[in-house]
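Visitor: I should like to understand the terms applied to this model. Please take me through the reasoning behind each of them.

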Amino acid sequence: MFLLAAALAAESAPPRTLRLDYFHTGTAAGEHFALDGLALEGPWPGPLDKTLDDTNLGKYFFVVIDRRTNQVLYSRGFASIYGEWETTDEAKEQPRGFRESIRFPLPAAPVQVVIRKRDRQNAFREVWSVLVDPADPAIDRAAPPAAKVWAVMRNGEPRDKVDLLLMGDGYTAAELEKWHADARRLTEILFAALPFKEHRGDFNVWALDTPAAESGVSRPSDGVYRHSPLGAAYDAFGSERYVLAFDNERVREAAAAAPYEFIEIVVNDRKYGGGGIFNLYATVAADNAFTPYIFVHEFGHHFAGLADEYYTSDVAYEAGAQRLEPWEPNATADPHAGKWKELIAAGTPLPTPWPKEAFESMEKEIQAKRREIRAQHRPEQEMEALFRDERERITRLLSGGPYAGKTGAFEGANYQGRGYYRPQQDCIMFTRDEVGFCAVCRRAIERVIRLYTH
Ligand SMILES: [Zn+2]
């Protein structure tokens, strides 16, 4: 009787979370992995009956295999800073390394952890394999650093809900009231957007207080440097608006105090900026006039691996140049859009006509003004005014025409003006217009929500 009760109690308690930290180094020509360490975190925050990832998202994919039975215990797709960096010019010149982590439920017996990467045909191929013994005394079992975690919105047990963790960076102890207000404001912004709005009850939102010595984060192109708690900074890969936190250990150690599956890093700054990497984290500047747009757009990258549907380059189209099919759910090289054909109404022309030339000439003019504002270090209000003007003109253009609001295959997506197609004329992954996610993006987000909830 006592033994049975004890067994049931053991069964109902979730396993702990095991974090595997590793080094990911290389050049554009090849990459290497090496074990950094293992750490035990709090209770596993996900559902234990949905351990296998069937969404086909991510540039990388990891599987945890039971050594004795060869059964796959856990799998998940993800993307990484390394995965972006290896496509930059710098990667052709010199090697670089990044620290990364994957997390899975603590196994009961030794496992093999395998990381796979997509090849050019999108097939996953093994790039690293490592043995993990849960009895290994080298696993760090120390409690995570004490940090104040609080619930912005709690709708149930972490195992039944998507757990989103908001982490503030560049907020001093005197600014914690502002941080709390920002965390609540951003939560309301996310859950005003479909499909998050109708799935509000499927989420818990947690927030972490990590007070900084100085206000704000590093903005190297403005000559501003800060040692902020999470190390988030503007100018990632030389792009002024791109905010990333390169020090994985700082982020992971702080996050370990909370139950989480997704992370939003909020930087205490007004300058336009953010970023989002699938299954790693998203970032956003707290105080820009376009913070609602940046937050929801970048969260789309982080949460559902959505592609940028926009393009700004006027790179000459090479006739016959091969366009590889992106793994992202909302961009395709297929002019008939087989990927989302169920959502296309019969009779819709494919590719679908849209006012492409008018759009491109407006954007060309706006981009030139944008470059000028940044080159002259003009006040942020001027950039915000430019974006407001852009939003008004582009919204007017894209809300008209016979295929506005319809799903089809609209040429121009994934940074390319030609050869890639997006699902609708307008979407928050395409412009800063207040149009929310298109039908294909909404469907992709709902698939991820289902993977983490009951
Ligand atoms: Zn979309």
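Guide: Two strands are said to pair if DSSP finds at least two bridges between them. The model is a predicted one, and in it β14 (residues 274–277) and β15 (residues 281–285) are joined by four bridges. Four meets the requirement of at least two, so the strands count as paired; their sense is antiparallel. One of the partnerships links G274 to V284 in β15.

Visitor: Why is N279 called buried?

Guide: A residue is buried if 20 or more other C-beta atoms lie within 10 Å of its own. N279 has 22 such neighbours, and therefore counts as buried. N279 lies in the loop between β14 and β15, a hairpin with three residues between the strands.

Visitor: What makes the phi of N279 worth remarking on?

Guide: Most residues other than glycine have a negative phi. N279 is not a glycine, yet its phi is positive, at about 65°.

Visitor: Why is D235 called partly exposed?

Guide: The class lies between exposed, at 12 or fewer neighbours, and buried, at 20 or more. D235 has 17 C-beta neighbours inside 10 Å, so it is partly exposed. D235 sits in the loop between β11 (232–233) and β12 (244–245), and its phi is also positive, near 70°.

Visitor: Which peptide bond leading to P195 is cis, and where is P195 placed?

Guide: The bond from L194 to P195 is cis, its omega being near 0°. P195 belongs to the loop between α4 (176–190) and β10 (203–209).

Definitions and conventions: Residues are numbered from 1 along each chain as its sequence is written. This is a predicted model: local features need pLDDT of at least 70, side-chain atom pairs count only at pLDDT 80 or more; totals for chains, interfaces and linings use all residues.
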